[in-house]
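Hi,

Here is the structure I promised to pass on. Have a look at it first, and then read on for what turned up.

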Amino acid sequence: MRIFYILFLVGLFSFQAIGQTRLDSYTDVKIAKFYPNPAVNQITFSFEKGIEKDKSFKIFNFIGKKVFELQTILPKTIIDLSEFYRGVYIFQLTDKKGKVIESGKFQVAK
């Protein structure tokens with residue numbers, strides 16, 4: 001009887017985890033798209049229409065130092081990577097209050 005109860009609980013928790021994953025995947029809407037990844041010379045960010053108002057775009061190296069910032073965002077922004085070292089970088093799109101709207105990571109391969 002104990003084995004049945006344990007298997008029932010494991011199955012119940014597994015079912016809840018699957019349901020949660022499905023729910024999250026439907027609500028995960030991307031505002032920024034970027035390519036290529038990994039990038040060598042430049043990377044292009046495409047933002048949804050209307051997102052450019054009162055937003056800030058920042059790029060940080062993997063240890064958290066800000067290496068790039070844009071106060072005015074265009075729907076299609078191309079960033080020159082000639083001053084970037086090889087490695088992983090984090091980008092953040094924030095509103096005027098500083099709340100992070102979207103973040104992600106990309107790789108520079110030189």
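Below is what I found, going from the whole chain down to a few residues.

One thing to keep in mind is that this is a predicted model.

**The chain overall**

The chain has 110 residues, and 25% of them count as buried. It holds one helix and seven strands, and the order from the N terminus is α-β-β-β-β-β-β-β, so the helix leads and the strands follow, given that elements are numbered from that end. About 8400 Å² of the chain is exposed, with carbon and sulfur atoms supplying 60% of that area. As for how far contacts reach along the sequence: if you take those between residues at least 6 apart, 52% of them link residues at least 24 apart.

**The sheet**

Four of the strands make up an open sheet, ordered β4-β3-β6-β7, with antiparallel pairing. At its edges sit β4 (66–70) and β7 (100–108), each of which pairs on one side only. On average, neighbouring strands here are turned by 20° against each other, if you ignore direction. As a general reminder, strands in a sheet pair through backbone hydrogen bonds, and the pairing can be parallel or antiparallel.

Zooming in on one pair, β3 (residues 55–61) and β4 run antiparallel and are joined by four bridges. If you want a residue pair to click on, I59 has F68 in β4 as its bridge partner.

S56 is also in β3. Is S56 buried or exposed? Its relative accessible area is 7%, and because that is under the 20% cut-off, S56 counts as buried. Setting aside neighbours within four places in sequence, S56 is in contact with E69, L70, Q71, I73, Q92, L93 and T94.

**The salt bridge**

How many salt bridges does a search of the whole structure find? There is one. K66 and E69 form it, and their closest N and O atoms are 2.8 Å apart. In general, side chains with opposite charges can pair when their charged atoms come close. Both partners are partly exposed: K66 has a relative accessible area of 42%, and E69 has 32%. You will remember E69 from the list of residues that S56 touches.

**T77 and K33**

T77 sits in strand β5 (residues 76–80). With a relative accessible area of 9%, T77 is buried. Not counting residues up to four places away in sequence, T77 touches I43, T44, F45, F47 and L70. Take T44 from that list: T77 and T44 are 33 residues apart in sequence, but C-alpha to C-alpha they are 5.7 Å apart in space. There is a polar contact to look at as well, with a polar atom of the T77 side chain lying 3.2 Å from the backbone oxygen of L74.

K33, in strand β1 (residues 32–35), makes a nice contrast. Its relative accessibility is 57%, which is over the 50% cut-off, so K33 counts as exposed. Leaving out residues up to four places away in sequence, K33 touches T44, F45 and S46. The C-alpha atoms of K33 and F45 are separated by 5.6 Å, with the two positions 12 residues apart along the chain as a sequence separation. T44 and F45 are also among the residues that T77 touches, so you may want to display K33 and T77 together.

Cheers

Notes. Residues are numbered from 1 along each chain as its sequence is written. This is a predicted model: local features need pLDDT of at least 70, side-chain atom pairs count only at pLDDT 80 or more; totals for chains, interfaces and linings use all residues. Side-chain values use heavy atoms; hydrogens and water are left out. Helices (H or I, at least four residues) and strands (E, at least two) are DSSP runs, numbered from the N terminus. Buried means under 20% relative accessible area, exposed over 50%, partly exposed in between (1.4 Å probe, protein chains only). Contact means heavy atoms within 4.5 Å. Accessible areas come from the Shrake-Rupley method with a 1.4 Å probe; for residues, only the protein chains shown count as cover. A polar contact is a pair of N or O atoms within 3.5 Å; within protein, one must be able to donate a hydrogen and the other to accept it, and residues adjacent in sequence count only if both atoms are side-chain atoms. Two strands pair if DSSP finds at least two bridges between them. Axes are lines fitted to C-alpha atoms, for helices over the stretch in contact, and angles run from 0 to 180 degrees between N-to-C directions. A salt bridge is a side-chain nitrogen of Lys or Arg within 4 Å of a carboxyl oxygen of Asp or Glu.
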